[in-house]
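Please read the following account alongside the sequence and the coordinates. It goes through a few local features in turn.

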Amino acid sequence: MEVIEKIVKSSCFKPKKPEFEFSLTAEAAAKNWLVLKKYKLNMKDALEAQKSTPLEYGSEFRSPSVLEPLFSQHHPNWSHLKDILHHGSVWHLEDIDEETRMLDLEEALELGNHKGA
């Protein structure tokens, strides 16, 4: 319980405003295009430059160094989770053919929104 209490009492960082604009306007789109151009249209570089903002990997959690005393002892996948908090998750995807893509799309449309949404 001491470890949990320490985590709960730890301070959280106050995020800075990201370079990207989050509104559905032509002005926001133009601004975001300029941000991407600043990073030579490299989204990875643009996101990595957003340190201390809500776009930083793991920003919605306490810092891994704060969480480590609890999870390193009590979570079997802590090293993997810590890596995700630092670098984001990686999803190894494969290209699919057009027919498979369309079948997947039709299935998703037929299923509709999640009932809890």
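**Loops, charges and rings**

Ser 52 sits in the loop between H3 and H4. The model is a predicted one, and the phi of Ser 52 in it is positive, about 65°, although this residue is not a glycine. Most residues other than glycine have a negative phi. With a relative accessible area of 30%, Ser 52 is partly exposed, because that class covers values between 20% and 50%. Leu 41 is another non-glycine residue with a positive phi, near 60°. Leu 41 belongs to the loop between H2 and helix H3, the latter spanning 43-48.

The charged side chains come next. How many salt bridges does the structure hold? The count is seven, and the pairs described here include Glu 21 with Lys 17, Glu 21 with Lys 31 and Glu 68 with Lys 82.

Between Glu 21 and Lys 31, the N to O distance is 3.2 Å. Glu 21 lies in the loop between helix H1 (2-9) and helix H2 (26-38), whereas Lys 31 is in helix H2, so this salt bridge ties together parts that are 10 residues apart in sequence. Glu 21 also meets Lys 17 in a salt bridge, with N to O at 3.4 Å. Which residues do the salt bridges with shared partners join into one network? They are Lys 17, Glu 21 and Lys 31.

The members of this network can be set out by accessibility. Lys 17 has a relative accessible area of 60% and is exposed, because the class of exposed residues begins over 50%. Glu 21, at 29% relative accessibility, counts as partly exposed. Lys 31 is partly exposed as well, its relative accessible area being 33%.

A further salt bridge is formed by Glu 68 and Lys 82, whose closest N and O atoms are 3.0 Å apart. Glu 68 is in helix H4 (residues 64-74) and Lys 82 in helix H5 (residues 78-87); the pair links distant parts of the chain, 14 residues apart. Is each partner buried, partly exposed or exposed? Glu 68 is partly exposed at a relative accessible area of 27%, and Lys 82 is partly exposed at 25%.

Helix H4 and helix H5 can now be followed from charged side chains to aromatic ones. The structure has one aromatic pair. It consists of Phe 71 and Trp 78, with ring centres 5.6 Å apart and planes at 20°, so the pair is stacked; the reason is that planes under 30 degrees apart count as stacked. The two residues fall into separate accessibility classes: Phe 71 is partly exposed, with a relative accessible area of 28%, while Trp 78 is buried, with 7%. Trp 78 is placed in the buried class because its 7% is under the 20% limit.

The last feature is on the surface. Which residues gather there in a patch of negative charge? They are Asp 104, Glu 106, Glu 107 and Glu 110. Glu 107 is located in helix H6, which covers residues 98-111. At 57% relative accessibility, Glu 107 counts as exposed, because the class takes values over 50%. Residues that form a salt bridge are left out of such patches, so the four acidic residues of this patch are described apart from the salt bridges above.

Definitions and conventions:
Residues are numbered from 1 along each chain as its sequence is written. This is a predicted model: local features need pLDDT of at least 70, side-chain atom pairs count only at pLDDT 80 or more; totals for chains, interfaces and linings use all residues. Side-chain values use heavy atoms; hydrogens and water are left out. Patches are made of residues with over 30% relative accessible area and no salt bridge: like charges are joined within 9 Å, nonpolar side chains (Val, Leu, Ile, Met, Phe, Trp, Tyr) within 5 Å. Accessible areas come from the Shrake-Rupley method with a 1.4 Å probe; for residues, only the protein chains shown count as cover. Lys and Arg count as positive and Asp and Glu as negative; His and the chain ends are not counted. The place of a charge is taken as NZ of Lys, CZ of Arg, CG of Asp or CD of Glu. Helices (H or I, at least four residues) and strands (E, at least two) are DSSP runs, numbered from the N terminus. Buried means under 20% relative accessible area, exposed over 50%, partly exposed in between (1.4 Å probe, protein chains only). Rings of Phe, Tyr and Trp (its six-membered ring) pair if their centres lie within 6.5 Å; planes under 30 degrees apart count as stacked, over 60 as edge-to-face and the rest as tilted.
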